[in-house]
Amino acid sequence: MHSYFKNHTLVAGALILTLTGIASRILGFFYRIFLSRTIGAEGLGVYQMVFPIYGICFSICAGSIQTAISRFTAADRDRAGRTLLAGFIISFSLALGLAAVIIRFSGFLASHVLMEPRCAPLLPAMALAIPCTSVHACLCGWYYGKEKVQVPALSQMVEQCIRIFTVFLIARIWEEQGRPVTVLAAVAGLVAGEAGSALFTLLSFLLFGNRKKDGPSVSGRPAPSSILTAAAPLLAMALPLMGNRLVMNLLQSLEAILIPVRLELSGLSRSQALSVYGVLTGMALPFVMFPSAIINSLAVVLLPSVARHQSLGNRSGILKNISLSFRYSSYMGILCIGIFTSFGDSLGLQVFKSAEAGSFISILAWLCPFLYLSTTMGSVLNGLGKTSVTFLHNLVSLLVRLAFVFFGIPRAGIRACLWGMLAGELVLSLLHLYSLRRLVRYAPNAWAVIVKPSFCLASALGIFSLFPDPLPLPGSLPPFFGTVLQIGLVCTGYLLFLLLFHKRPDHSSNSTVT
């Protein structure tokens with residue numbers, strides 16, 4: 001077993017990231033439930049409003065630098081140390097500057113950019129997390145380049161645990177003091193979680209990282225000239241990525257800011273608009289995004305795998321990765337349609353005590369297949385070096401969503417936003433598939449990716465309908481556990497039917513790499 005995972009790094013890396021991702025999201029669910037019952041839907045909406053600024057800062061100082069460090073470390077491991085140091089100097093300097101700007105202009109950003117003055121005291125606290133994010137991102141980039149995913153994976157758990165513990169502790173202290181628990185507690189948890197994960201990755205690197213020196217100098221550290229030499233190509237790769245990420249984050253931030261504003265034009269008050277926004281982004285979307293932990297893990301390891309096969313001219317390897325990722329994304333997405341449409345209303349009421357959250361979950365269920373397919377297909381395109389293509393596709397998708405938000409919400413309310421998400425992901429999936437067909441002449445088998453899983457789902461749901469509703473539970477367990485048991489039965493039936501109809505795919509038929 002150990003030798004199998006050693007020889008199949010794609011499987012091993014995806015498995016590690018998936019397990020930690022699922023565990024982290026399970027903890028996150030309990031955290032979201034606690035927040036929804038402590039600060040309320042409106043408080044969740046205000047909390048979510050600070051993330052557009054946070055996302056923009058991440059795209060500037062962390063995300064693109066992390067990708068560049070990962071790629072250069074993988075390409076030249078003998079110079080990984082100077083690559084990491086050069087990237088860290090660039091990233092941390094930008095992070096400090098951005099944090100200072102946010103602290104200095106927090107009032108202006110809250111009132112004139114986010115359109116929510118209540119975010120003014122939250123932004124300076126959030127700014128403290130940005131340098132920590134920079135440290136964490138750089139070190140994770142180094143670990144990904146070394147194909148050592150254990151530390152980045154564990155850092156997710158460390159971040160989530162520290163965040164939850166901090167918020168629980170603050171809430172307990174404030175309740176004992178007779179103070180109301182506000183959104184500031186959630187922001188404090190965000191900062192503590194980022195600081196904890198940064199410290200964890202830093203200590204792991206210092207204690208167990210590669211101690212090999214890769215630059216000649218008297219002190220044993222990389223010389224300044226070697227750091228400057230490493231910084232030039234690092235910036236050359238990071239700047240285009242930074243520009244792409246910045247444009248995408250600006251548009252995503254515009255969408256997040258516009259949703260409450262356009263909801264007011266539909267007839268809601270500001271408080272009602274923020275409550276609806278909080279239910280959507282703080283309750284319904286995390287539920288729908290939960291299964292994506294598996295797909296995101298696959299996407300992380302797909303990119304270097306596809307790039308490696310391309311560099312070796314291994315056509316069958318590329319096609320195998322595309323076929324596997326397409327099929328399993330489709331399997332997961334179709335299963336989620338059945339689960340969330342059948343149990344969405346119950347989950348919303350039982351978990352968040354919100355019928356509105358249940359309605360959103362049921363509608364967003366149809367997002368899952370296209371979301372998962374676009375995630376994995378986008379990773380394949382990036383692995384093939386088509387980053388500009390994926391950027392243009394994502395840009396078109398976001399513009400479609402913005403059109404629904406701007407023109408649809410005043411007329412149809414929040415449902416226009418939900419249908420905009422569905423339309424955007426559908427467009428994105430079709431564009432990715434079209435590009436892959438042109439690049440590698442890959443055409444998915446409709447039976448394998450649509451008909452078979454749909455039939456298996458229908459069969460599993462049909463058999464499940466024969467069971468009593470609700471299922472008998474031992475003792476006085478809450479109804480939520482009954483719903484979980486029902487979901488488990490449907491998933492088990494679906495998996496058994498898939499295995500029954502399983503046929504080893506032929507990755508070489510009618511597909512070539514151009």
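**Note on a predicted helical model**

1. Leaving aside neighbours within four places in sequence, isoleucine 102 is in contact with Ile53, Cys57, Leu109, Leu123, Met126, Ala127 and Ile130. Ile102 is also among the residues with the most contacts inside the largest nonpolar core, which has 105 residues. The others so listed are Leu123, Met126, Leu280, Phe340, Leu364 and Tyr494. Apart from this core lies another, of 20 residues, including Ala80, Leu139, Ala198 and Phe205. The model under discussion is a predicted one.

2. As to the overall composition, the chain has 20 helices and zero strands. Of its 514 residues, 52% are buried. Among contacts with a separation of 6 or more, 82% join residues 24 or more positions apart.

3. The pairing of H8 with H10 deserves a separate entry. Helix H8 spans residues 129-145 and helix H10 spans residues 183-208; their axes come within 8 Å and cross at roughly 35 degrees. The crossing of these two helices is left-handed. On the H8 side the contact is made by Ala129, Cys132, Thr133, Val135, His136, Leu139, Cys140, Trp142 and Tyr143. H10 contributes Val191, Glu194, Ala195, Ser197, Ala198, Thr201, Leu202, Ser204 and Phe205. By class, twelve residues of the contact between H8 and H10 are nonpolar, five are polar and one is charged. Leu139 of H8, together with Ala198 and Phe205 of H10, belongs to the core of 20 residues.

4. A second helix pair is formed by H19 (residues 446-464) and H20 (residues 479-500), which pack at an angle of about 135 degrees with their axes 8 Å apart. H19 and H20 are therefore oblique to each other, and their crossing is right-handed. From H19, the residues Lys452, Pro453, Cys456, Leu457, Ser459, Ala460, Leu461, Ile463 and Phe464 take part. They meet Gln486, Leu489, Val490, Gly493, Tyr494, Phe497 and Leu498 in H20. The residues of this contact divide into twelve nonpolar, three polar and one charged. Tyr494, on the H20 side of the contact, is one of the residues with the most contacts inside the largest nonpolar core.

5. Threonine 483 is also placed in helix H20. Is this residue buried or exposed? Threonine 483 counts as buried because its relative accessibility is 3%, and the threshold for burial is under 20%. Not counting residues up to four places away in sequence, threonine 483 touches Phe343, Ser346, Leu347 and Gln350.

6. Alanine 238 has its place in helix H11 (residues 224-265). With a relative accessibility of 0%, alanine 238 counts as buried. Which residues does alanine 238 contact, leaving aside its neighbours within four places in sequence? These are Ser64, Ile65 and Ala68. Alanine 238 and serine 64 are 174 residues apart along the chain, yet their C-alpha atoms are separated by 5.1 Å.

7. Proline 369 lies in helix H16, which covers residues 368-383. Its relative accessibility is 8%, so proline 369 counts as buried. Apart from neighbours within four places in sequence, proline 369 is in contact with Gly333, Ile334 and Ile337. The C-alpha atoms of proline 369 and isoleucine 337 are separated by 7.9 Å, with their positions 32 residues apart along the chain counted as the separation.

Notes: Residues are numbered from 1 along each chain as its sequence is written. This is a predicted model: local features need pLDDT of at least 70, side-chain atom pairs count only at pLDDT 80 or more; totals for chains, interfaces and linings use all residues. Side-chain values use heavy atoms; hydrogens and water are left out. Axes are lines fitted to C-alpha atoms, for helices over the stretch in contact, and angles run from 0 to 180 degrees between N-to-C directions. Helices (H or I, at least four residues) and strands (E, at least two) are DSSP runs, numbered from the N terminus. Angles under 35 degrees count as roughly parallel, over 145 as roughly antiparallel, 65 to 115 as roughly perpendicular and the rest as oblique. A crossing is left-handed if the near helix is turned anticlockwise from the far one by less than a right angle, and right-handed if clockwise. Contact means heavy atoms within 4.5 Å. Ala, Val, Leu, Ile, Met, Phe, Trp, Tyr, Cys and Pro count as nonpolar, Asp, Glu, Lys and Arg as charged, and the others, Gly among them, as polar. Buried means under 20% relative accessible area, exposed over 50%, partly exposed in between (1.4 Å probe, protein chains only). A nonpolar core is a set of buried Ala, Val, Leu, Ile, Met, Phe, Trp, Tyr and Cys residues joined through side-chain atoms within 4.5 Å.
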